[in-house]
Amino acid sequence: MKNIVFDIGSVLIGYRWKDMCLDAGWEEEKAEKIGRGFFLSPLWPDFDGGLVTTEEMIESVARQYPDLEADARWFIGSGKAMTVERPKIWALMGRLKERGYGIYVLSNYSEELFTLHTKDLPFWEFVDGGVISYEIHQIKPNPPIYRHLLEKYQLNAQECLFFDDRPENTEGARALGMRAVTVVDGSEEFLKKELEKLLADADKECADRAYDNRENRGREGTGI
């Protein structure tokens, strides 16, 4: 296995959209209405796919809750505040990069929220490439977005390990021959343990190779 592919939301970053609303003084009922209006909207997949604009998405929520249009605009515009950084995960990404793994991202995101959520985050220094859904108008778990990543970077699916928090997305990766791990409930601790296992395996493999090399040099020195 040579390459590690990460989803972004609930994998490389966490989300706290309800807490963001409560911090702003909203009642929980209003926060849940706005969350449902966006995330459960039939337009949301097309929003991620770059086929529906931010304005169209806000208007769809306003049609459901006419008195909450201004709140819907605030919700999207305050997107940065709904994320939680995961520096421990990013540090592990860096260590895996040092061990020679290719590091890629594959994520469903609208352009505006992708920018608000991820711009200038430190993990990008470890990333060799990636595909974001709005760029190619395809979303996970549909096969074309996985194929696009593999073809764009000339990756062998059997040499890739994919981390995503949604089971349907990891199943989509497996269907194309990738190994995949579902990050249960988007748990940072779960992902941290998985990456630490990868590092331990890489370090053991490196130590085994070093031992074999010493043994071979010893045999050469004795003429065996």
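**Exercise 1. The nonpolar cores**

Task: In this predicted model, state how many residues the largest nonpolar core has, and which of them have the most contacts inside it.

Solution. Begin with the count: the largest nonpolar core has 50 residues. Next, look for those with the most contacts inside this core, which are F6, L12, F38, M93, F163 and L195. Then take one of these, L12, and list its surroundings: leaving aside neighbours within four places in sequence, L12 is in contact with F6, D7, R86, I89, W90, M93, V105 and F123. Finally, a second core, separate from the first, has 15 residues, among them I145, L149, L150 and F162. As background, nonpolar side chains in soluble globular proteins tend to be buried together.

**Exercise 2. Strands β1, β4, β5 and β6**

Task: Work out which strands pair with β1 and in what sense, and then trace how β4 is related to β5.

Solution. Start with β1 itself, where N3 and V5 point one way while I4 and F6 point the other way, and all are buried. The background to this pattern is that side chains in a regular strand alternate between the two faces of the sheet. Now take the partners in turn: β1 pairs with β4 in the parallel sense over 4 bridges, and V5 has Y104 as its bridge partner in β4. With strand β6 (residues 160-164), β1 is again joined by 4 bridges and runs parallel, the bridge partner of I4 in β6 being L161.

Moving on to β4 (residues 102-107), this strand pairs with β5 in the parallel sense over 4 bridges, and S107 has I132 as its bridge partner in β5. In β5 (residues 129-132), G129 and V131 point one way and G130 and I132 the other, all of them buried. As a last step, add the helix: β4, α7 and β5 together make a right-handed β-α-β unit.

**Exercise 3. Helices α5 and α7**

Task: Identify the buried residues of α5, explain why they line one face of the helix, and describe the surroundings of H117 in α7.

Solution. First, helix α5 (residues 69-77) has D71, A72, F75 and I76 as its buried residues. Second, seen down the axis of α5, these buried residues fall within an arc of 135°, and therefore they line one face of the helix. Third, the buried residues of α5 pack against α1 (17-23), α2, α4 (54-64) and α7 (111-118).

For the last part, H117 lies in helix α7 and is buried, because its relative accessible area is 2%, which is under the 20% cut-off. Not counting residues up to four places away in sequence, H117 touches I13, Y15, G79, K80, M82, T83 and Y109.

**Exercise 4. Salt bridges**

Task: Explain why the salt bridge between D7 and K140 ties together parts of the chain that are 133 residues apart in sequence, and then examine two salt bridges in α11.

Solution. The total count comes to 17 salt bridges. In the one between D7 and K140, the closest N and O atoms are 3.0 Å apart. D7 lies in the loop between β1 (3-6) and β2 (13-15), whereas K140 lies in the loop between α8 (133-136) and α9 (143-152), so the pair ties together parts that are 133 residues apart in sequence. Both D7 and K140 are buried, and a network of salt bridges links D7, K140 and D164.

Turn now to helix α11. The side chains of K192 and E196 meet in a salt bridge at 2.8 Å, N to O; because K192 and E196 are 4 residues apart in helix α11 (residues 188-222), about one helical turn separates them. A second salt bridge joins K197 and E194 at 3.1 Å, N to O, and these residues lie 3 residues apart in α11, about one turn of the helix. On accessibility, E196 is partly exposed at 33% and K197 is partly exposed at 47%, whereas E194 is buried, with a relative accessible area of 18%.

**Exercise 5. The position of S41**

Task: Decide whether S41 is buried or exposed, and say which residues are in contact with S41.

Solution. Locate S41 first: this residue is found in the loop between α2 (28-39) and α3 (44-48). With a relative accessible area of 7%, S41 is buried. Leaving aside neighbours within four places in sequence, S41 is in contact with R36, M57 and S60. Of these, M57 is 16 residues from S41 in sequence, and the two are 8.6 Å apart in space, C-alpha to C-alpha.

Terms used. Residues numbered from 1 in each chain as written. Predicted model: local features only at pLDDT ≥ 70, side-chain atom pairs only at ≥ 80, totals over all residues. Heavy atoms only, no water. Buried < 20%, exposed > 50% of the residue type's maximum accessible area, 1.4 Å probe, protein only. Contact = heavy atoms within 4.5 Å. Core = buried A, V, L, I, M, F, W, Y, C linked by side-chain atoms within 4.5 Å. Arc of directions from axis to C-beta. Salt bridge = Lys/Arg side-chain N within 4 Å of Asp/Glu carboxyl O. Pairing = 2+ DSSP bridges. Right-handed = clockwise from strand over helix to strand, strands pointing away.
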